Amino acid sequence: MSDDILLDLDDSLIREGMAANADEIQIPATTGWNPDTIETDYRNRGSFDEIYTELFPRIYNHVTFEISRLGMKADLAGEVLQIASRKAHDNWDSYTQGTYALAWFKKIVTNTCFNLRRQEWTRDNRLVSTNDLALLLDNAGFRTPSAEKMAIERIREEELRAMFDLLPDPFRAATKAVVLDGMRTDEAAELLSIPAATVLTRVHRGRARLRSMITEQREKEREI
Amino acid sequence: MDTNRDCGCASAFGRIEALVDGHLRTTETVDVIDHCASCESCAQELDIVSTLTERVKTACFNAPPAGMCDEILNSLKSNP
């Protein structure tokens, strides 16, 4: 198991409740990945206001994504964003200029969501295992990113929208229902009048087609 | 006995999209996450599917409310 995975599983990286502090959040050193050399489509140097403003749509989206994944109430997005933004702002000195700023913000958002969720879990007497932590920390961009992941991170929003529109109708409709509208498989099946298994197949193929288009786009850019 | 709880690569890999879409039951979720914690290729697949899903949502759906960024920045400055 690589060092970064071990770090992902380290319970000590998650702080209790509101004591969670970006000061203690570090991007761990990983073999073969130097955060200074990560190419991004945004600036990784500047004041808090400059970088925060540029990244805000993606930070906001990460908040809604984590809230949805953790089964939290959607109306908590504003509170999570406020708390996470405060932590980031107050600990801006701990961000190393030139490193992967989006991952730094995402880590704070994920910790904030998890801490709020854990308070609910604790109230509900539900078990929170180390495995839950692995999932939550996994998504914050701290694992050595693959070339495909970096290509997905780099693609511009208008390009991604265009690719989504290029999906064949059946794939696009199923992907929209499940991924964008957050429907359960049975709900999407009823909406689209197809079996649930077909919904899953079409969503999978929709994602696969997008991945293929992104990879092809990246290859074309390299040729140029 | 739950015969669906095989969690080798084939099983986990096939459930990663369902996990990201929030469609797995708790036991299945734990199985897949357990597997990903010790399997680099499945963990990488989880990372890619999560990232793609998030980017698609951002691009196609999930713009923050207008003015929200400025409101938060102002509140950070006015309530140190």
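pLDDT is the predictor's confidence in each residue, on a scale from 0 to 100. It's a handy place to start, since what you have here is a predicted model. For chain A the mean pLDDT comes out at 74, with 70% of its residues at 70 or more.

Two stretches of chain A deserve some caution. Residues 1–35 stay under 50 in pLDDT, though the model still gives them 62 contacts beyond four places in sequence. Over residues 136–142 of chain A, the pLDDT is again below 50, and the model has 29 contacts for this stretch beyond near neighbours in sequence. Where pLDDT is low, the predicted coordinates shouldn't be read in detail.

Now for the place where the chains meet. On the chain A side, 47 residues are in contact with 35 residues of chain B. Quite a list of chain A helices supplies at least two residues each to that side: α2 (48–69), α3 (77–90), α5 (130–138), α6 (147–154), α7 (157–166), α8 (169–180) and α10 (196–223). The top contributor is α2(A), which gives 13 residues. By character, the chain A residues touching chain B split into 19 nonpolar, 14 polar and 14 charged.

One more spot to look at is a backbone oddity. A:S193 has a positive phi, about 55 degrees, even though it is not a glycine. You'll find A:S193 in the loop between α9 (185–192) and α10 of chain A. Is A:S193 buried or exposed? A residue counts as exposed with 12 or fewer other C-beta atoms within 10 Å of its own; A:S193 has 7 C-beta neighbours inside 10 Å, so it counts as exposed.

Key. Residues are numbered from 1 along each chain as its sequence is written. Chains are lettered from A and ligands numbered from 1 in the order in which they are written. This is a predicted model: local features need pLDDT of at least 70, side-chain atom pairs count only at pLDDT 80 or more; totals for chains, interfaces and linings use all residues. Two residues are in contact if their C-beta atoms, placed from the backbone, lie within 7 Å. Helices (H or I, at least four residues) and strands (E, at least two) are DSSP runs, numbered from the N terminus. Ala, Val, Leu, Ile, Met, Phe, Trp, Tyr, Cys and Pro count as nonpolar, Asp, Glu, Lys and Arg as charged, and the others, Gly among them, as polar. A residue is buried if 20 or more other C-beta atoms lie within 10 Å of its own, exposed if 12 or fewer, and partly exposed in between; C-beta atoms are placed from the backbone.
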